[in-house]
Amino acid sequence: MLHQLPLVSAASVSSEAPAPALPLMEQFYTIQGEGYNTGRAAYFVRLGGCDVGCVWCDVKESWDADKHPRVAIPDIVASATAHAGRNVVITGGEPLMYNLGPLTQALHAAGCQNWIETSGAYPLSGEWDWICVSPKKFKAPLPETLRQAHELKIIVFNKSDFAWAEEHAAQVGPGCRLYLQPEWSKSLQMMPLIVEYVKDNPRWQVSLQTHKYLDIP
């Protein structure tokens, strides 16, 4: 269920009304390590809360939203804009469990580019400059969210994931970039298969978790 934050006009709110807040697991400034924007400076905002439940998830501590403090949107924006870069990645958890309109509007007003990384299991909310959908088998992505993706990133855990990748590639728009990325613990087994698959199907590209090779967040 989408957790809606109230949208109200400034005229209807007293000066003492609290700003909308989101459960924040962590935020940090780093280099984007995956997909189309690999190598670019980016500020990551990781929201708590996820019901997709991937068995190989490397941030399982993000799943329970109640374990993470609610942080006001102006405070998130202030932290993001304290650095030179203006690319902000909203990730999770599953960030689209929340209405991201207020956050993305505030970030755009502050001069930021908004990128999202989502499983696509919830309707898209917010204002986005780049949408990465990485669907998971544990909760199917919504067709309307897939159609809005700029980037489709499939995590390859076993051989059957190639056929599964093609099923989802058939649902995105013609300009969507297609990536195959090995699940980190299976990279030695899956990478040779991904390389051969991309050679045979060149509309796909290889994505690596370069931040793990660089030993950065």
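Two strands are counted as paired if DSSP finds at least two bridges between them, and the views below apply this to a predicted model.

**View 1. Strand β4 and its pairing with β5 and β2.** In this predicted model, β4 and strand β5 (residues 113-118) pair in the parallel sense over four bridges, with Val88 standing opposite Asn114 in β5. The chain passes from β4 to β5 by way of helix α2 (residues 101-109), and this β-α-β crossover is right-handed. The pairing of β2 with β4 is likewise parallel and has four bridges, and here Tyr43 stands opposite Val88 in β4.

**View 2. The two faces of strand β4.** In a regular strand the side chains alternate between the two faces of the sheet. In β4, Asn87, Val89 and Thr91 lie on one side and Val88 and Ile90 on the other, and all are buried, so that both faces are covered. Because five of the five residues of β4 are buried, this strand is largely enclosed by the rest of the structure.

**View 3. The open sheet and its edges.** Nine strands form an open sheet of mixed pairing, in the order β3-β1-β2-β4-β5-β6-β7-β8-β9. Since β3 (70-72) and β9 (204-206) stand at the edges with a single partner strand each, one side of each is left without a neighbour in the sheet. On average, and with direction ignored, neighbouring strands of this sheet are turned by 30 degrees against each other.

**View 4. Strands β8 and β9 with helix α5.** Strand β8 (residues 177-182) runs parallel to β9 and is joined to β9 by three bridges, with Leu178 opposite Trp204 in β9. Helix α5 (residues 187-200) lies across β7 (151-156), β8 and β9, and runs at about 150 degrees to β8.

Key:
Residues numbered from 1 in each chain as written. Predicted model: local features only at pLDDT ≥ 70, side-chain atom pairs only at ≥ 80, totals over all residues. Heavy atoms only, no water. Axes fitted to C-alpha atoms, helices over the stretch in contact; angles between N-to-C directions. Contact = heavy atoms within 4.5 Å. Buried < 20%, exposed > 50% of the residue type's maximum accessible area, 1.4 Å probe, protein only. Right-handed = clockwise from strand over helix to strand, strands pointing away.
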